[in-house]
Structures are given as C-alpha cells and as structure tokens.
Amino acid sequence: MPDDAPVTAAAPGGPRGAAGTGRSPHPAGRPWTTLWVSALALPPLALLAAAAWSGRWVRPGADDWCFLPAVRDDGVTGLVGKFYFDDNGRVANALLVGAYAKFQVAGHQWFPLVSGVLVLAVLWTVAALALRRVPLRTPRGLPLLLAAMATALFLFVTPNTYKTFYWPAASVSHTLPPVLACAALIPLLLARSRRGRILAIAVAALTGAFLATLSEETAVVVVTVLGTALLLSGRVVPAPDRGFVRRWCAAGIAGTAAGAVVLITSPGSMRRRERFGAETTSLLAPDSLAASLRAFAEVAVTVGTTWQYAGAVAAGALLGLLVRRADGTPPRPPAHWPLLTAAGVLALLVAGYLCTVIAYPVFGDRVSDPGANRLWNDYLLLYVVLLVGVGALLGLALRRQTRRTAPAKAVCAALCVLVCVGPAVALGNLDSAMRARAEKWDAQDRRLREGAAAGERVLPYERLVISNMLEPFSQGGRSYWPGGCVADFYGLDRVTDGARDGR
C-alpha cells in the first residue's frame, strides 16, 4: 500500500528535488527517514503477529458454549432469529457470531488472526487516505506506524486482553464495532466525483444501521462523534466540501437511528430489558445516572493512568515532526486546533459516559471492573485516535520552537518501542495459560464425546477458567450456566460439577 502523501500543488518556481532528479531534498523524502520510521512499526506488528499465532490455543467458553450448538443445529439464520426474538435483538451481532461459529472450534482459533488483520488494515487505509487528502508530504512508512501503534494499544494495552482480542463474542460486540465505524471513512476519503459522494453517503447510512444492531454502545459513540462533526462543520470544513460532509454526517446519524428502532422494538430486546429490570429501573433515574458517573470516572482514571497509551502520543508527535509542505517548510497547526481539541475531548467524555449509562443496568458496579474492560472498547479507540492527534499538535508546536528536532524524534522513537515491552510480556504469560487450558479442554472434549457416543446422558464437567471467563458451576458451584449449553453441545441431558464429583 503506497503511503507517501502526495503534494497536490507545488509552489511556483519551487524546488523540484535534489539536482533536478525529482526527489525531495527534505527529511520526509529521504530513504533513511522512511527506513527508520518503517522499522518503528515492527514492534507493534510483532505483537499483533505473536498474538494471532497464540490464537491456535483458543477454546470456547462462556457464551460460546451456547452459540456453537445453536449454529450447528439451526444455522446462522437460526441464530439471527434467536437473537431477534429471544436474546437481545442484535441481528447484525448474530450474523458476525454465526460467521465464526459456523466453523465451530476452528472458527474461534482463526478469529484472532482475521480480526487483528482487519483492525490493522482498516486503520492503515484510513491513515494513508487521510494523509493523502492534505497537501503535505510524509515518509512512506508513517501511516503504517500510526496504524500499527494504534492497533497494538487498542488490542493489547488492556486489563484483560483475552476478552478484548481472543474471546470472539466480546470482540464482535465491543472491539470490532468501532473499527467498522472507522471503515465507513474510507468511501468518504476516496470520494471525488458525484457518484463517489453518493456512495459514501449510502455507506454511512448502512454502516450506522448495521452498527446499531451490532453494539448499542458503539452506536452511541458514532452518533456523538457525527453530531460533533456536524456542529463544527461550519467552522472547520472548507466551503466546497461543507455540504457533502454535512450530508454524510446526517446520513450516518439517520442510519444509526433507524437501526436503533429495529433493535429497541425487537422482541429479544424487550425480553432482555425485562430480564435485567431495565423496564422498571429507568436509565435516567438519578441513582443510576450518579452511579454511572462514578463508574465512568473510575474507568477514566484507570485508562488515563495507563502510561503505555503515551505510545499514541509519541507516534502522533513523529507525524508532526516529520510532515512537510511541498517546499520543505513545516506546516502550521490547524487554524481551529483549540476548538477541535476541546470538541474531541468533550465528545469522548460524553460518549464514554453514555456508554456506561447503557451498560450499568446489566453490569451494575462491575462496569468499571477491569474484568469488564471489554465494555470500554467501544470508546477506547476514539481515545487512542485523539491521543495521536494531540501528539501531532505537539510535534508541530515543537518544530516551531526549535530547528533541532533530532532529540525529540529519538525520544518518540524510543517510547514507541518501550510501550510494546509490557504487552509482549503479558502476551507471553497469556499464551502459556491458554496453552495449558487448551490441553485440558481437548482432553475433556474427547472424554465427553466418547461418553456421549457410548450412550451416557449425564457426565461430569471440569471447570476450565481463563481470564475470569465464566464457566459452569461458578459462584462455588451454585451457578449452572452455561452448563445447559455444554450439555447441548455434546448431546447430553446434563453435566455435573466435576470438582465435586471427584471428591
């Protein structure tokens, strides 16, 4: 993928390049700059590759036990009907769950690789296209560095990487939705003709409707961001593009609203609200709003004090330090950067709080617990992107203060590498835990299949917990869920607590 942001218009009489060769004499065009910038993308890419390779140890757990027999027996359409009429109304969620559950255990093992490549590809494409839309030049490897760093921070700098990256059900509901929202930017950034703009508007509407039936929390983030962009468009968007951008934002909001209507009016959503008391306990009740605010404040402190997110600032600072105009001079910060920064922070805070309000009736005070960190991912990607933007502003400001930027570049480069060390250690430990669980899971899988084939109707099940994932007989053996789904998967009437049976 070519990443070099082209110069749209050279200054009249400006330099064509060194010795008339057409090559830029400035650092943004030097091969050495491209080389070291591209090399900085290797640590986060190595994290992603290692994490994807560990996916071979993923085995089903929690909700997966219920999805597998449903898709095996009734197909993807059966799961869609079950979600719409019985579970939660999220038909798009059912489609994606069915897409991997159709392949049973193998689908779980391939999911980390497929989803990781998808996240990287979307962010890389958006970064490259966004830089192409401005009349500035950057080193070729810089969009890849930005995308790789954002991907690594989003997926692996987390209190529970298993639930963020390896657990397909959680990833489909909270990790992939914000990335799919970013993918809707690609037609917007590519639009040049009237037909291209119509396509971009249609994609925005369809994506909004899809996201609303995939993840309520991401839908809230999308509406918040698009609403903010709509309000700011009169100040920050050039007049020739203003109408198109406004129509695109309006289409995204309208599509999300239409999808939300489908979700809210579904029998499954109504049953879910009744099941968790959301029908009688209003989301807007003062006690619920205050508790949600306290919970979101705890999440904000946890995320804000996780120092590895400084890698996003460092990558953004390198963008600000390396980007150049056609004539080689450093560009000025955007004219409305204070307004953009304030609006971005406000949108993040509002979206994060509203996501907490939505999740609170189901999760209660656990919504801010590190074990429920998957719920934060709906707005965490926005946080990472904002940090990259703040870093770019810092890099531009530093270049206007001094001409010696080499020390700052060295610090940023070192930070980009350093932030990958902690996640690498955590991934190594998680790989060992996943491998140990996989070996036990495979042995138990053989035992249960052989017992079912021999005509047994009730067999013991040993709990195989990893990363606080739910298993049958939790809460000291009082909770049977999802034991019934385990029994369905193996064709049994019931499974019993293997820990107690073995005493």
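I looked up the crossing of H14 and H16 first, and it is right-handed (near helix turned clockwise from the far one by less than a right angle). The model is predicted, with pLDDT of at least 70 needed for local features and 80 or more for side-chain atom pairs, while totals for chains, interfaces and linings use all residues. Residues are numbered from 1 along each chain, and side-chain values use heavy atoms, without hydrogens and water.

**H14 and H16**

H14 covers residues 286–304 and H16 covers residues 337–363. I found their axes within 9 Å, crossing at roughly 120°. H14 is therefore oblique to H16 (not under 35 degrees, over 145 or 65 to 115). Next I listed the contact (heavy atoms within 4.5 Å). On H14 it includes Ser-288, Leu-289 and Phe-296. On H16 it includes Gly-352, Tyr-353 and Tyr-360. By class, I noted 10 nonpolar, 4 polar and no charged residues.

**H4**

I then turned to helix H4, residues 91–101. Is H4 mostly covered or mostly open? It is mostly covered, with 8 of its 11 residues buried (under 20% relative accessible area, 1.4 Å probe, protein chains only). Among them are Val-91, Asn-93, Gly-98 and Tyr-100. The buried residues of H4 pack against H3 (64–87), H5 (104–132), H8 (168–183) and H10 (194–212).

**Asp-488**

Last, I checked Asp-488, which lies in helix H20 (residues 483–490). Asp-488 counts as partly exposed because its relative accessibility is 46% (the class runs between 20% and 50%). Leaving out residues up to four places away in sequence, Asp-488 touches Pro-69 and Arg-72. I also compared Asp-488 with Thr-151: they are 337 residues apart in sequence and 37 Å apart in space, C-alpha to C-alpha.

How values were computed. Axes fitted to C-alpha atoms, helices over the stretch in contact; angles between N-to-C directions. Helix = DSSP H or I, 4+ residues; strand = E, 2+ residues; numbered from the N terminus. Nonpolar A, V, L, I, M, F, W, Y, C, P; charged D, E, K, R; others polar.
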